[in-house]
Amino acid sequence: PYDVLVVGGGPAGASAAIYAARKGIRTGIVAERFGGQIMDTLGIENFISVSRTEGPKLAASLEEHVKEYDIDVMNLQRAKSLEKKDFIEVELENGAVLKSKSVILSTGARWRNVGVPGEAEFKNKGVAYCPHCDGPLFTGKHVAVIGGGNSGVEAAIDLAGIVKHVTVLEFASELKADSVLQDRLNSLPNATVIKNAQTKEITGTDKVNGITYVDRETGEEHHVELQGVFVQIGLVPNTDWLGETLERTRMGEIVVDKHGATNIPGVFAAGDCTDSAYKQIIISMGSGATAALGAFDYLIRN
Ligand code: FAD
């Protein structure tokens with residue numbers, strides 16, 4: 001068996017595997033796609049000490065760093081269940097069962113897509129998901145935020161400080177965000193809220209130049225010219241495969257303590273799949289280190 005088996009090969013998993021291997025213990029990492037979300041990221045400007053890099057380049061460096069250690073890397077393998085017996089057993093979709101004394105779950109998350117024409121086509125060409133990451137790319141421009149829940153309205157308030165104008169499109173007849181956020185948004189001179197708006201298409205040529213929505217009350221179609229669209233309709237953790245085996249929040253995020261421990265002894269979690277605040281590369285790497293040190297502490301006590 002492994003001492004530490006990491007499930008997920010994004011920034012959190014890579015960091016956890018390196019921290020574990022540096023303790024001289026038997027470490028494995030299994031990933032559906034090594035690199036994780038950063039494989040879909042173009043510019044990264046907030047990975048501190050690296051002023052600018054690109055996702056696939058950072059993923060290659062992660063892999064290179066992992067390979068400097070004696071770590072079993074099992075890429076292109078998907079975990080389908082976890083069970084605690086004598087060891088913790090992780091079954092893969094290919095039928096193999098991996099046994100380990102401790103496990104670190106770092107299966108990340110994915111942004112929910114609106115699924116309209118133009119969204120996939122203009123990803124990284126005006127369509128964005130993370131205001132902390134990509135907000136500054138739209139300085140002085142007009143952008144839309146799709147989604148009027150807490151994350152959408154927070155994003156709009158954040159963006160309003162950077163961009164020229166921000167338009168929030170909410171599908172329902174009311175915003176769902178907390179009233180304190182709505183009040184703040186309404187006080188901003190460069191923010192507009194459109195309710196009952198069903199996004200129909202994100203338009204553009206080589207990059208985004210507008211958004212088309214249908215007013216659900218009148219059925220009329222409208223087009224707004226703008227340069228960016230932030231989709232803020234939810235971040236879904238990749239934790240469905242865990243079912244009821246361990247404690248998750250209502251949103252499906254794995255509940256962890258300050259050592260990265262879950263409610264199952266020996267099972268730790270890190271990164272975007274957990275209930276940690278803020279989902280960022282640097283934060284997920286930090287939590288991967290925390291979980292590995294937590295797992296090591298667990299191993300020397302058991
Ligand atoms: P992930 O990166 O999601 O990695 C999860 C890993 O688990 C992957 O290897 C995946 O294949 C694997 N996996 C999932 N399910 C299973 C399973 N069942 N079995 C085995 N493996 C599985 N953050 C920033 O700090 N700066 C930015 O500029 C930035 N830009 C972004 C742009 C985009 C378009 C996106 C989508 C995200 C961006 N982020 C950015 C967020 C950042 O990418 C995430 O916070 C970070 O990648 C989270 O790392 P993670 O390791 O927790 O999860």
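Here are some short exercises on a predicted model, each with a worked solution.

**Exercise 1. Work out how the radius of gyration of the protein chain compares with that of a compact globule.**

Solution. Start with the chain length, which is 302 residues. For that length, a compact globule would come out near 19 Å. The protein chain has 21 Å, so the value agrees with the globule rule. For the outline, take the principal axes: the C-alpha atoms fill a box of roughly 65 × 35 × 35 Å. Next, check burial: 43% of the 302 residues count as buried, that is, with 20 or more other C-beta atoms within 10 Å of their own. Last, look at contacts with a separation of 6 or more: residues 24 or more positions apart account for 61% of them.

**Exercise 2. Take stock of the secondary structure, then find the strand order and the edges of the five-strand open sheet.**

Solution. The overall tally for the protein chain is six helices and 19 strands. Now go across the sheet: the order reads β10-β17-β11-β12-β13, and the pairing is parallel. The edges are β10 (127–128) and β13 (191–194), since each of these pairs on one side only. Zoom in on the β10 edge: its partner β17 (residues 228–231) runs parallel to it, with two bridges between them. In that pairing, Val127 has Val229 of β17 as its bridge partner. Then add the helix: α4 (residues 150–160) packs on this sheet and touches β11 (142–146), β12 (165–169), β13 and β17. The direction of α4 makes about 170° with that of β12.

**Exercise 3. Trace the three-strand open sheet through its hairpins.**

Solution. The strand order is β14-β15-β16, and here the pairing is antiparallel. β14 and β16 are the edge strands, each pairing on one side only. From one strand to the next, the twist averages 25°. Now follow the chain:

- Step one: β14 (residues 197–204) pairs with β15 (residues 208–215) over seven bridges. Thr203 has Gly210 of β15 as its bridge partner, and a hairpin of three residues joins the two strands.
- Step two: β15 pairs with β16 (residues 221–225) over five bridges. Ile211 is matched with Val224 in β16.
- Step three: the hairpin between β15 and β16 has five residues, and Gly219 in that turn has a positive phi of about 80°.

As background, strands of a sheet pair through backbone hydrogen bonds, either parallel or antiparallel.

**Exercise 4. Describe the shell around the ligand: which residues come nearest, and which elements give two or more residues?**

Solution. Begin with the count: there are 38 residues around the ligand. The ones that come nearest are Gly8, Gly10, Gly36, Gly108 and Gly271. Next, sort by element: α1 (11–21), β2 (27–31), β9 (109–111) and α6 (281–301) each give two or more residues to the shell. Finally, sort by chemistry: the shell divides into 17 nonpolar, 15 polar and six charged residues. Keep in mind that Gly goes in the polar class here.

Technical notes: Residues numbered from 1 in each chain as written. Predicted model: local features only at pLDDT ≥ 70, side-chain atom pairs only at ≥ 80, totals over all residues. Near = placed C-beta within 6 Å. Helix = DSSP H or I, 4+ residues; strand = E, 2+ residues; numbered from the N terminus. Rg over C-alpha atoms; globule rule 2.2 N^0.38 Å. Buried ≥ 20, exposed ≤ 12 C-beta atoms within 10 Å, placed from the backbone. Contact = placed C-beta atoms within 7 Å. Pairing = 2+ DSSP bridges. Axes fitted to C-alpha atoms, helices over the stretch in contact; angles between N-to-C directions.
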